[in-house]
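Please open the structure in your viewer and keep the selection tool at hand. The tour below proceeds from one selection to the next and states what is to be found at each.

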Amino acid sequence: MLLFRISLIFLVFININLLFSLDYKLKNIRFSENHKNKSLRIVLDLTHKAAYTVFSLNNNPRLVIDLESKSDIKKFKNESKFIKEIRSRKTEQNVMRIVFDIKSNFYIDRHFYLKKNEKNIFRLVIDLKINNKNSAIYKEKRPSRDSQFIITIDAGHGGIDPGAINIGKKEKNITLAAAKELKRILEKKNFKVFLTRKDDTFISLRNRRNIAKKNNSDLFISLHVDSLKKKTTRGTSIYTLSEKASDSITAKLAERENKVDLIAGVNLQDVDNEVASILLDLSRRETKNSSSLFAESYIKTVRKNGHRVLRRPHRHAGFAVLKSTDIPSVLIELGFLSNVNDVKLLTNKKTRLRLLVSLAEAIEVYVNKRRSYN
Ligand SMILES: [Zn+2]
């Protein structure tokens, strides 16, 4: 009984604390900009170190900040020449979404918290780099649904890291050939496509993500070919990010793929900071949803077109290469190097192209769906 009472007191105590901690308020938004280097700093003055997530949307360039806040929605004054309009609304209880319509394409350079100032105010800083290419910055850019969708294709492995190997065939060569072919197919469909590598070079997983970010990508696709001890397993599969792997095979696969940077002797600094861990749940939600939407569209399309898919073809795992908080990212295993039939399909250009054409079709379906949401 006594124990019960103690735990009850403890429970109440925690709840009160929770209430206080949720009393986050956004006091003000300030701007400083440099027109010469086309950079914009947005500073949010906050009463607490609130959890947040920040991401960009590229058709009609927008910066979106989801912020844990109890503030009432108010009009924020736009004091930047780079910004067209600022809007805000509550997306759920205690979460405020602030949308900045940016006049030109941009990317999020970095975001971080400054220490509390003497007035006890926390400052969340978001630095944007405005793209030079788009010189229409001072002109009103007409919002268009037809703006080009940008995709970064990542050919897995490369250089001193061959990936899976079987009967003299290397994963890194198949992924590179596939990435180049997919680029051509997508360009014919009027997509803007970048590759993380164009030849047999080694790139760290983090740099692969950075390339996608620098290119303002709307979608990141990492291509791989899996390998298993069990030689009969075959078919394509697709992975989206999750902190927990959906099964042990997936966990092992993620471990293998993530080790790549260690093999190559690159010290992978962990990008996750203190804040990132608080918001793991709140953040990535949007990106995760989009990644899953694409994964579903891929599986549907390849199935419909008669390609062999792995049992439970959409899986989740903590792949380092997918950890972009603001770009929907997927990892596709085109098939298995450990399976003779898959090796034949993937090393023959004609049959490989068939799968890539289906992948391109899935991308189109996904893009149309996403556009209809805007
Ligand atoms: Zn791989």
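Begin by selecting A155 together with the residues that A155 touches: leaving aside residues up to four places away in sequence, these are T175, L176, A179, L195, T196, R197 and L223. The model on display is a predicted one. A155 belongs to strand 9, which covers residues 150–155. Is A155 buried or exposed? A155 has 29 other C-beta atoms within 10 Å, and because 20 or more are enough for a residue to be called buried, A155 is buried. Now add K198 to the selection: K198 and A155 are 43 residues apart along the chain, and their C-alpha atoms are separated by 8.4 Å.

**The whole chain**

Next, select the entire protein and colour the residues by confidence. The mean pLDDT is 78, and 76% of the residues reach 70 or more. Over residues 1–22, however, the pLDDT is below 50, and this stretch has two contacts in the model beyond near neighbours in sequence. Residues 134–144 also stay under 50 in pLDDT; for them the model has 11 contacts beyond four places in sequence.

Switch to a cartoon view. The secondary structure consists of eight helices and 16 strands. The protein has 374 residues, of which 35% count as buried. Among contacts with a separation of 6 or more, 74% are between residues 24 or more positions apart.

**An open sheet of four strands**

Select strands 1, 2, 7 and 8. In which order do the four strands lie in the sheet? The order is 1-2-8-7, the sheet is open, and the pairing is antiparallel. Strand 1 (26–34) and strand 7 (106–114) are at the edges; each has a single partner strand, so one side of each is left without a neighbour in the sheet. Direction ignored, neighbouring strands of this sheet are turned by 15 degrees against each other on average.

Restrict the view to strand 1 and strand 2, the latter being residues 39–46; eight bridges join this antiparallel pair. Within the pair, N28 stands opposite D45 in strand 2.

Two loops of this region deserve a separate selection. K38 is in the loop between strand 1 and strand 2. Although K38 is not a glycine, its phi is positive, near 50 degrees. Most residues other than glycine have a negative phi. K38 has 18 other C-beta atoms within 10 Å and is therefore partly exposed.

Then select N120, in the loop between strand 7 and strand 8 (122–130). N120 is likewise not a glycine, and its phi is positive, about 65 degrees. With 8 C-beta neighbours inside 10 Å, N120 counts as exposed.

**Strand 4 and its partners**

Select strand 4, residues 62–68. How many of its seven residues are buried? Five of them are, and strand 4 is thus described as mostly covered. Add strand 3 (residues 52–57), which pairs with strand 4 in the antiparallel sense over six bridges. In this pairing V54 stands opposite I65 in strand 4. Add also strand 6 (residues 95–102), which pairs with strand 4 over seven bridges, again in the antiparallel sense. Here D66 stands opposite R97 in strand 6.

**Two helices, each with a buried face**

Select helix 3, residues 205–214, and show the side chains of its buried residues: L205, R208, R209 and A212. Turn the view so as to look down the axis of helix 3: the buried residues fall within an arc of 95 degrees, so they line one face of the helix. Following helix 3 is N216, whose phi is positive, near 60 degrees.

Proceed to helix 7, residues 340–347, where the buried residues are D342, L345 and L346. Seen down the axis of helix 7, these buried residues fall within an arc of 90 degrees, so they too line one face of the helix.

**Last stop**

Finally, select S329, in strand 16 (residues 329–336). S329 has 29 C-beta neighbours inside 10 Å and therefore counts as buried. Which distance separates the C-alpha atoms of S329 and S222? These two residues are 107 residues apart along the chain, and the separation of their C-alpha atoms is 7.8 Å.

How values were computed:
Residues numbered from 1 in each chain as written. Predicted model: local features only at pLDDT ≥ 70, side-chain atom pairs only at ≥ 80, totals over all residues. Buried ≥ 20, exposed ≤ 12 C-beta atoms within 10 Å, placed from the backbone. Arc of directions from axis to C-beta. Pairing = 2+ DSSP bridges. Axes fitted to C-alpha atoms, helices over the stretch in contact; angles between N-to-C directions. Contact = placed C-beta atoms within 7 Å. pLDDT = per-residue confidence, 0-100.
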